[in-house]
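Me: Could you take a close look at one part of this model for me, the packing of its nonpolar core? I'd like the whole story in one go.

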Amino acid sequence: MPDSDELNPTPPGPSAPASPADAAANGSGLLARLRAHPRATMIAGGTLALVLFGGIAVAAGSAVGAPVAASAPSATPTPTPTPTPTQTARPAPGAVPAASIVRSCSVADLASDPRLGSFQAQVRNATTGAVLYDRGGNTASRAASVLKVLTSAAALEVLGPDYRATTTVVKGAEPGSVVLVGGGDITLSRTPSGDESAYAGAAHLDDLAAQVEAAWAADPANPPLTKLILDSSMFGGAEWQPSWDSKELWDGYMPPITALQVDGDRDNPYNNTSTRSEDPIGRAGEAFAAELGGVSIERGTAPAGAAQLGAVQSQPVSTLVQQTLIVSDNAIAEMLARLVAVESGAGNGFESIQAGVLQGLAAYGIDTTGIVIVDGSGLSDDNAVPPNYLTQLFTKINAREGNLGALFDGLPVAGQSGSLSYSDRFTGDSAVADGAVFAKTGWIDTGYTLSGVIHAADGTPLTFAIYALDDVDDSAKTAIDALTAGFYSCGDSLSNQ
């Protein structure tokens, strides 16, 4: 490779500058020649002027700048430093705006299904809180058994996940008497210990009776036990909510609500759906008297400060919540609602449930405006909850805030568990969402509902609520499932159009 000098040869250096005398002489000679050739005068006039002016300027410049002869040596001039170029900082590039999401996945056809009746719905992105879809989401309407979600959330806050309802037996005021005191546990069972009723893990009357007999026999001063008094005073007021249809009793979905009863007052303690009686207190008393043997029964209250002879406890609230949600058990929901009212100080009747439950829900920081709660199960047409409230509450449930993880764990799962695993749910094309929908079902004569969490196909967690109200029948469930599957497929691309 050639050096750089071969590519860029150094040009010859400049000639030495002429002296002032030479410059003047050259100028005089040129003038003489021009005079000798008049015609050249006009042609070269400009050139002459330039030469004369340039020569004089050079001579003058040399004279002014030249050192004086025989003077002291001049100092070596200090070279002028080359200025450092000023660097102007480039402005930092602005942040690149996030690409906006194009939400073009429409469920318009599914939402227009006439089987949905008077249709309301809302869907949120559970991560961002953004509302992706809304149809009447702010209108409070009957939520059917989806109301059990509110009851459960309030119970987990007011009672706490470890609270257990306790049934006790104490000494009566009369010699030979004992008092069976109901503590609100409707799951207490008359089935033999070790034999599971419809309520797995429930306390058993035979266990309680054994404790009483042992304690009674331990005191030689006790006369024979001859009387059983039934105390159901923990709950007050009406035992049947006036807006409930009495057929719910005969169809086996709801008992009268009393603080003392066994097996949710079922005729068959092993079946979830079983005809209920009109006297759950009497049924419980007869079952316990049979365990004690040969005692009379009457109604009354326990004397203050009476000695306790025995006690049994329900499953903790965290378990009761899951038992009421998974198969939509009305009796447990009413038990929880009434215990919430009592524990919160609101009262012990149906009229106290709204204040008690709303007090519990206040802890979650969601506006409860417009909510009406007349029972704990959602059986009444007079209940009212906007879908907007449910999508916000389920956002917290999905995040397992506080004690709400117990509630999430009790939700039916599409195609896998509880009331969403029945043969008429999430079938056909809707089965695409099996295992991805965690939701509470609802059904009353005037509406079908579904609300919960969807783990969408694109990985987005969604919360949703769907109401199909008024002139609807059992086919509304199929339409609700299809719409829910549509939400699942769309995910965060769900369009509100």
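Reply: Here is a walk through the core, beginning with the chain and ending with one buried serine.

This is a predicted model, where local features need pLDDT of at least 70 and side-chain atom pairs count only at pLDDT 80 or more, while totals for chains, interfaces and linings use all residues. Residues are numbered from 1 along each chain as its sequence is written, and side-chain values use heavy atoms, with hydrogens and water left out.

The protein chain has 14 helices and 10 strands; these are DSSP runs numbered from the N terminus, helices being H or I with at least four residues and strands E with at least two. Of its 497 residues, 48% are buried, meaning under 20% relative accessible area with a 1.4 Å probe, protein chains only. Take the contacts (heavy atoms within 4.5 Å) between residues at least 6 apart in sequence: 67% of them join residues at least 24 apart.

Now the core itself. A nonpolar core is a set of buried Ala, Val, Leu, Ile, Met, Phe, Trp, Tyr and Cys residues joined through side-chain atoms within 4.5 Å. The largest one holds 59 residues, and L150, L361, V385, L393 and L407 have the most contacts inside it. Elements giving two or more residues to this core include α5 (147-158), α9 (317-326), α10 (330-344), α11 (353-361) and β8 (437-444). There is also a second, separate core of 33 residues, with A111, V123, V437 and Y448 among them.

Zoom in on L407: leaving aside residues up to four places away in sequence, L407 touches V149, S152, A153, L156, V321, L325 and I397. Over in α11, the buried residues are I353, G356, V357, L358, G360 and L361, and their cover includes α5, α10 and α12.

Next, the pair α9 and α10. Their axes come within 8 Å and cross at roughly 140°, with axes being lines fitted to C-alpha atoms over the stretch in contact and angles running from 0 to 180 degrees between N-to-C directions. That makes α9 oblique to α10, because angles under 35 degrees count as roughly parallel, over 145 as roughly antiparallel, 65 to 115 as roughly perpendicular and the rest as oblique. On the α9 side the contact uses V317, L320, V321, Q323 and T324, and on the α10 side I332, A333, M335 and L336.

Finally, S141 sits in the loop between β2 (131-135) and α5. S141 counts as buried because its relative accessible area is 11%. Beyond residues up to four places away in sequence, S141 touches Q120, N383, A384, V385, P386, Y467 and L469.

Note on methods:
Buried < 20%, exposed > 50% of the residue type's maximum accessible area, 1.4 Å probe, protein only.
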